[in-house]
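Hello,

Here is the structure for your files. My notes follow below it.

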Amino acid sequence: MEMTINPIAIPSQEDTVSLVAPPSEPGTCVVIRTGNSDCLAHFFPALYQLNLIKAGSEEKVDLGFSGSRLLERLLQAPGEVISREELMSHAWADRVVGQGSLNQQIYTLRQILGDEKEREIIQTLPRRGYMLNPKYIDSRITLEADSPDSRQLTPSATPLATPVG
């Protein structure tokens, strides 16, 4: 199975195109620049996974359901403040958790993205919530299947679509 990645530019903040499709749409990928200049992160919400690409190597990081849902929600509204309550209800919809769970997930995401010191990618707005800095979103990609054997990543210029196949 061969995969090709063809990133495209993300629309400006003024555009109303959704950056991340719902988790029910497998094959969605968002490319995020990390705090390390030689590293990109490919986020696959449906797989609860982030692939870190640097110097020709790839490291797969399992975010788990809550971590993935948290990053997905931040990516749905880059540049907008999302309240702690909204993030908690999105990431832990069927469970009651404390503020510490959100703090720990944000800390973990920052570590993975190389943002634990600068805090420029995921920004904290005291007493308001968190915001994903839109300048770190590099591109978005949709996985499309041309045949049952071959799949490739192709750019999506419109809201992300489900795989063809």
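Start with Arg 69. It sits in helix H1, residues 64-76. Keep in mind that this is a predicted model. Arg 69 has a relative accessible area of 17%. The cut-off for buried is under 20%, so Arg 69 counts as buried. Its side chain has a polar partner: one of its polar atoms lies 3.2 Å from the backbone oxygen of His 90.

His 90 falls within the range of helix H2, which covers residues 84-91. H2 packs against helix H3, residues 99-112. Their axes are 10 Å apart, and the angle is about 85°. Angles of 65 to 115 degrees count as roughly perpendicular, so that is how H2 and H3 are placed relative to each other.

Which residues meet between H2 and H3? From H2 come Arg 84, Glu 85, Leu 87 and Met 88. From H3 come Gln 99, Leu 102 and Asn 103. By class, this contact has three nonpolar, two polar and two charged residues.

Now the whole chain. The protein chain has three helices and eight strands. From the N terminus, the order is β-β-β-β-α-α-α-β-β-β-β. The helices thus follow four strands and precede four more.

Some totals for your setup:

- The chain has 165 residues, and 43% of them count as buried.
- Take contacts between residues at least 6 apart in sequence: 49% of these join residues at least 24 apart.
- The accessible surface is about 8900 Å², with 48% of it belonging to carbon and sulfur atoms.

Best regards

Technical notes. Residues numbered from 1 in each chain as written. Predicted model: local features only at pLDDT ≥ 70, side-chain atom pairs only at ≥ 80, totals over all residues. Heavy atoms only, no water. Helix = DSSP H or I, 4+ residues; strand = E, 2+ residues; numbered from the N terminus. Buried < 20%, exposed > 50% of the residue type's maximum accessible area, 1.4 Å probe, protein only. Contact = heavy atoms within 4.5 Å. Areas by Shrake-Rupley, 256 points an atom, 1.4 Å probe, with all protein chains shown as cover. Axes fitted to C-alpha atoms, helices over the stretch in contact; angles between N-to-C directions. Parallel < 35°, antiparallel > 145°, perpendicular 65-115°, else oblique. Nonpolar A, V, L, I, M, F, W, Y, C, P; charged D, E, K, R; others polar. Polar contact = N/O pair within 3.5 Å; in protein donor to acceptor, adjacent residues only side chain to side chain.
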